[in-house]
Structures are given as C-alpha cells and as structure tokens.
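Biologist: Let's look at this model together. I want reasons with each answer.

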Amino acid sequence: MTTPIHQSPESTPRWTTQTVGMSVDILDRMERAVMKVRERLLRATAALNQAGVPYAVVGGNAVASWVATVDEGAIRNTRDVDLLVRRADLPAITAALEQTGFVSGVLLDVVMFRDGPDGKPSEAVHLLFAGEKTRPDHLLPAPEIQTVQDPANYSVITLESLITMKLMSNRDKDRTHVRDLIGVGLIDASWLAKLPTELAERLKRILDTPDA
C-alpha cells in the first residue's frame, strides 16, 4: 500500500497577480475603459445636439440611464454606444460625428462610427434606424424617436420603447438588461398586458427566471 504524500504549507501553491496574468494597474485600466465609453457617448450626443439632429440613446447606455434613476450601484457597463436615428438624417449625422473625430463605416450592414482611424468596431458608435427592422427576424421595426432627457444632457429612449427593443433582440445580454430593469423595480408583471403577445411571452419567461 502506498503511503499518501502530504504537502507542507510551504509547498502549497500561492495565487499571485502574476499567476492569473493581472498587472498592478488593472483597476486603473478598468476605470479607463468605462470612462472611454462615457466620453464617446457624451462627445457623440453633444455633436448631434449642436447639429440639431434628433436621436435617442438606446442599448446598454439607455438601460444604465434608466437603472440609475433608481439605483446607481446596479448599473452595468457596456462597450459601445447605440443611437436610434432617422435614416434621412444620416448625412447630417455623418458630418456632425466626423467633425468630432469619429470615422464612418459599415460592417455587416451596421452603420457605425469608430473613434478615430484605429478605433475598434466593437467600441464604436452604432446606428439603428427608426421605423426599420434592426434584424430581419425582429417582430417589429425599431420604434420612432421618443425620448426623455438624461441629466447629462443627452436624449434617452423612453422606457416603453427600450423594453420593446430589448425583448425584440432577445439575446443573452438583452435578457440580462431586462433583468436589470426588473431588479430595480422599473419593469414588472403589469407590463405583460402592454406588449404584443410574443414579446409578452418573452418577458414572462424572464420574470419567471430571475436568476437565469
């Protein structure tokens, strides 16, 4: 019978920042990443405000704005900036954003504005068009531009339109965003009667699986 070998405390592996590949400035890098998204959001919306172009902040930044009205500690960070605009305004949007350093382009049919020539598409300003389906399989087209004003002086999509857009997209991150809105009490079962049947069914599944 083989005698078990016991490691002494001195020989027990110790986890270090080097073990998991993290440098000492990781918190600073995390903070900078968040601030860069915020700066792009404010720069893009300020340019559109100045140009008098209607828009609505949608996506993760809109969710964050709404969640912050109840609990700023529950805000979830996002990488990009999503704006709902009118296609007829695209020339004016392009002129306004390019004047402030963004570079226009199209990737996989998505109109976007990268933050400079070396900007990443995943961190760009992405446009969605009011009255058009964002994806062919969406139940409804994107809503018209109806907004409320964020205290930081940009226009945010109304909560009703935001929840409709999130339920239409219905990706993992969209369902997570809906749960964030549910978690702070902005969305509950009373919303089921306000939605088309298919979207109401999606919301019901989310309400029934709060920890999914």
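Biologist: How many aromatic pairs does a search of the whole structure find?

Modeller: Zero, in this predicted model. Ring centres must lie within 6.5 Å to pair. The search of the whole structure finds zero such pairs.

Biologist: What makes R43 count as lying over the face of F102?

Modeller: The cut-off is 6 Å from the ring centre, and within 35 degrees of the ring normal. R43 is at 4.4 Å from the ring centre of F102. That distance is within 6 Å, so R43 counts as a charge over the ring.

Biologist: How do you know that K194 lies over the face of W191?

Modeller: By the distance to the ring centre, 4.1 Å. The limit is 6 Å, so K194 passes on distance.

Biologist: Now the pockets. Which residues lie nearest the centre of the largest pocket?

Modeller: D82, V110, L128, T134 and R171. The lining has 35 residues, and the space is about 900 Å³.

Biologist: Why is D82 counted as charged in that lining, and V110 as nonpolar?

Modeller: Asp counts as charged and Val as nonpolar, so D82 and V110 fall in those classes. The lining divides into 13 nonpolar, 10 polar and 12 charged residues.

Biologist: What about the second largest pocket? How much space lies there?

Modeller: About 300 Å³. It has 16 lining residues, and R38, N61, A64, I75 and Y154 are the closest to its centre. α1 (26-51) and α2 each give two or more residues. α2 gives the most, with five.

Conventions:
Residues numbered from 1 in each chain as written. Predicted model: local features only at pLDDT ≥ 70, side-chain atom pairs only at ≥ 80, totals over all residues. Heavy atoms only, no water. 1 Å grid on protein atoms, 1.4 Å probe; cavity = no way out; pocket = protein on both sides within 12 Å on 5 of 7 lines; lining within 4 Å. Points joined across faces, edges and corners; volume = space filled by probe spheres on them. Helix = DSSP H or I, 4+ residues; strand = E, 2+ residues; numbered from the N terminus. Phe/Tyr/Trp six-rings, centres within 6.5 Å; stacked < 30°, edge-to-face > 60°.
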